[in-house]
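The following exercises are to be worked with the sequence and the model at hand. Each task is followed by a solution in steps.

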Number of protein chains: 2
Amino acid sequence: MPDDQSTPPVTTLQGPVVIIGAGLVGASVGCALTAAGITVHLEDRVPSHAIVAAGRGAGVVTAAPPDAVELVVVATPPATVPGVVDDALDRFPNATVTDVASVKAIIIESIDAEDAGRYVGSHPMAGSQFTGPLTADASLFIDRTWVITPTAQNPAEHVGRVVALAEICGARVVWLDPVEHDQAVAQVSHVPHLMSILTAGHLREVPTHHLPLAGQGIRDVTRIAGSDPALWRQILWGNRSAVRAELAGVRADLDELLQVLDEPDALEAFLARGRAGARSLPGKHGLAREDFVTVTIQIPDTPGMLAKLFTDIGQAGVNVEDLSIEHDPSRQYGYLSIDVTPEEAARLSTWMTAAGWNLA
Amino acid sequence: MPDDQSTPPVTTLQGPVVIIGAGLVGASVGCALTAAGITVHLEDRVPSHAIVAAGRGAGVVTAAPPDAVELVVVATPPATVPGVVDDALDRFPNATVTDVASVKAIIIESIDAEDAGRYVGSHPMAGSQFTGPLTADASLFIDRTWVITPTAQNPAEHVGRVVALAEICGARVVWLDPVEHDQAVAQVSHVPHLMSILTAGHLREVPTHHLPLAGQGIRDVTRIAGSDPALWRQILWGNRSAVRAELAGVRADLDELLQVLDEPDALEAFLARGRAGARSLPGKHGLAREDFVTVTIQIPDTPGMLAKLFTDIGQAGVNVEDLSIEHDPSRQYGYLSIDVTPEEAARLSTWMTAAGWNLA
């Protein structure tokens, strides 16, 4: 938090800004700042990435950065961030330095004490399965959560520049202490990732002829296990103490599960606890999932049906809160589940039935 | 396996057939058999369910079952199956009796020795989030896996009737020993379900203000944790010994993970093992996932875009192998990922780009 919590930080950013690392996130930040009229200087260890990002409108590439840099945004691979931040604090002795990595405490620990006031950690929640400057987009952060993790060492002017950065990108700022941030991402991202890895890794012991019995459930649980091990190694290693603490809790729960397997009532209570946890995740616009009703429509697996389906939903004129497709590869049809408000659910159901769809 | 493995069982079924339990699966079996011209008698503990199922074309409801019943299909809730199977073997002393439950060994253990030859376990892989006779559909099993679990006690004529049942329903028969079947479903269904439960249950310890940091990953992992605890209690309890054995393996893996968290190379190898496991799951038509290429298209979150998207994909004329939507609730857009053959991927990419879509 800024020193004087009664005075909100001044949130202005004129630039110039230096972005180090022109991947998806760095280049997208560059696009948003450039669109706002701020001069952005792009750097990347791979010069062609910076040039591609500049071509996407993320800023300019010049032999040397401009004078009087106001803010440096470090957007390099996770394992490199502490070193690059340190280096940026040296190279730009008057600038605020921030980064976009998903782990924060490890960076703060690595900074020289005399520079600590100028480093303000941040974490835009814009993760995606995609990487590289080609997918850069100024709208990547609109309505996304952007966590800012100031410490007592940060003067308000430095915090204010990072707030301005997030606001220019269109994100919603969430304040967290760095250590609490790392605990939160361990809980809602890193541990779920590892649970997916554990589930998928267990398949190595499963005979191949058992795999055709797999349904949609295991496919959902193991989807994120397909992510890049080289990237996740960096993320997890950087947050290993928080991850370890959470995994210890999971291990205790697993031991409890092994105990209650023989006790139907206790087992059901255990399962109900999981269902309550799944339902506690917020839906779109931050509303609780319980505030919505799911309408499920059967989709025949024939060409053009999805197009017709979405046309009909569009004509129903309801506000689709969230949607998911249950597409079982071995079936002639799948299911589309749409979350809408209770008032709209009745209207949507009537409309879709009239249009000839089977509701489930 | 049938007694004489060199002679395939005679696979004929004339009926009449009695179906006990007129939920989604029982009523759908009834619809498929009725459509094939076989007389089906429906029973349900809740008489209105049988009547609704009859209304959906699943068979007839009469005061007493017909004479000379050839096959009884037990499709009641999991915990009741052993008792209902036992009872059916008594009530229909000349009939073959099968069931559709997802756990098999526990049923065989409960049968009187003199009736063991007439009970042939089976398990159509037609699980769905939906229940009840209203969603019954004769095509529910088409191209689905239908596991049959005969024992050495089963004469070929009894096995043949169950094979005929699966074939009339349009399913692909897979043979497994009952104990191996239970191990297989523990591996690919029950343990993944519990991993989802463990992940979701851990959220109870997470402060509410951490939840906005949740992304799509944890939503995928925890989706099946939202399933009915009262149903899953029955499934898991019935297969608790196989589930326990698999969970012990997961626990050992978790301990290994806790050890490698501090060793980046070993951690990456652990993550790569998970990715390999996720990729080992077969895709549509049983082909390996590696045989396909994923084309990912950005979907702006504006009305009508999904309809336009699917229309354009339809016009591209490619064979969509599998699809998934990454729909982040807090973003202005989502992503549609489509698996196609490598040859079609290039054509689809060119077509969609020309139609104005952003590929990622």
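**Exercise 1. A helix pair in chain B**

Determine how α6(B) and α9(B) are arranged with respect to each other, and list the residues through which they meet.

*Solution.* In this predicted model, begin with the axes. Helix α6 spans residues 178-201 of chain B and helix α9 spans residues 240-260; their axes come within 9 Å and cross at roughly 60°. Next, classify the angle. Angles of 65 to 115 degrees would count as roughly perpendicular and those under 35 degrees as roughly parallel, and α6(B) and α9(B) are therefore oblique to each other. The handedness comes next: the crossing of α6(B) past α9(B) is right-handed. Finally, list the contacts. From α6(B) come B:D182, B:Q183, B:A186, B:Q187, B:H190, B:V191 and B:L194, and they meet B:A242, B:V243, B:E246, B:L247 and B:V250 of α9(B). For the spacing of such residues, recall that an α-helix has 3.6 residues a turn, so residues three or four places apart point the same way.

**Exercise 2. The open sheet of chain B**

Establish the strand order and the pairing of the four-stranded open sheet in chain B, and explain what distinguishes β2 and β4.

*Solution.* The order is β2-β1-β3-β4, and the pairing is parallel. Strands β2 and β4 (96-99) of chain B stand at the edges; each has a single partner strand, so one side of each lacks a neighbour in the sheet. On average, neighbouring strands of this sheet are turned by 20° against each other, direction ignored.

The register can then be read from the bridges. Strand β1 (residues 17-20) of chain B runs parallel to β2(B) and is joined to it by four bridges; B:V18 has B:H41 of β2(B) as its bridge partner. Strand β3 (residues 71-74) of chain B is likewise parallel to β4(B), with four bridges between them, and B:V73 is partnered there by B:T98. The connection from β1(B) to β2(B) is the last step: together with helix α1 (residues 24-35) of chain B, these strands make a right-handed β-α-β unit.

**Exercise 3. The two faces of an edge strand**

Decide whether the faces of β2(B) are covered or open.

*Solution.* In a regular strand the side chains alternate between the two faces of the sheet. Applied to residues 40-43 of chain B, this places B:V40 and B:L42 on one side and B:H41 and B:E43 on the other. These four residues are all buried, and both faces of β2(B) are covered.

**Exercise 4. The surroundings of a threonine**

Is A:T98 buried or exposed, and which residues distant in sequence does A:T98 contact?

*Solution.* First, locate the residue: A:T98 is in strand β4 (residues 96-99) of chain A. Then count its neighbours. There are 29 other C-beta atoms within 10 Å, and a residue with 20 or more is buried, so A:T98 is buried. Leaving aside neighbours within four places in sequence, A:T98 is in contact with A:L71, A:V73, A:V120, A:G121, A:S122, A:V162 and A:L165.

**Exercise 5. Backbone features**

Find the cis peptide bonds at A:P16 and B:P16, and describe where the positive phi values of A:A68 and B:D143 occur.

*Solution.* In chain A, the bond from A:G15 to A:P16 is cis, with omega near 0°; A:P16 lies in the segment before β1 (17-20) of chain A. In chain B, the cis bond joins B:G15 and B:P16, with omega about 0°, and B:P16 lies in the segment before β1 of chain B.

Turn now to phi. A:A68, which is not a glycine, has a positive phi near 55°. A:A68 sits in the loop between α2 (47-55) and β3 (71-74) of chain A and is exposed, with 11 other C-beta atoms within 10 Å. B:D143, also not a glycine, has a positive phi of about 65°. B:D143 lies in the loop between β5 (121-124) and β6 (145-149) of chain B and is partly exposed, with 16 other C-beta atoms within 10 Å.

**Exercise 6. The contact between the chains**

Identify which element of chain A gives the most residues to the side that touches chain B.

*Solution.* The contact involves 101 residues of chain A and 101 residues of chain B. Elements of chain A giving two or more residues to this side include β6 (145-149), α9 (240-260), α10 (264-279) and β9 (322-326). The most come from α6(A), with 16 residues.

Definitions and conventions. Residues numbered from 1 in each chain as written. Chains lettered and ligands numbered in written order. Predicted model: local features only at pLDDT ≥ 70, side-chain atom pairs only at ≥ 80, totals over all residues. Buried ≥ 20, exposed ≤ 12 C-beta atoms within 10 Å, placed from the backbone. Pairing = 2+ DSSP bridges. Right-handed = clockwise from strand over helix to strand, strands pointing away. Axes fitted to C-alpha atoms, helices over the stretch in contact; angles between N-to-C directions. Parallel < 35°, antiparallel > 145°, perpendicular 65-115°, else oblique. Left-handed = near helix turned anticlockwise from the far one by under 90°. Contact = placed C-beta atoms within 7 Å.
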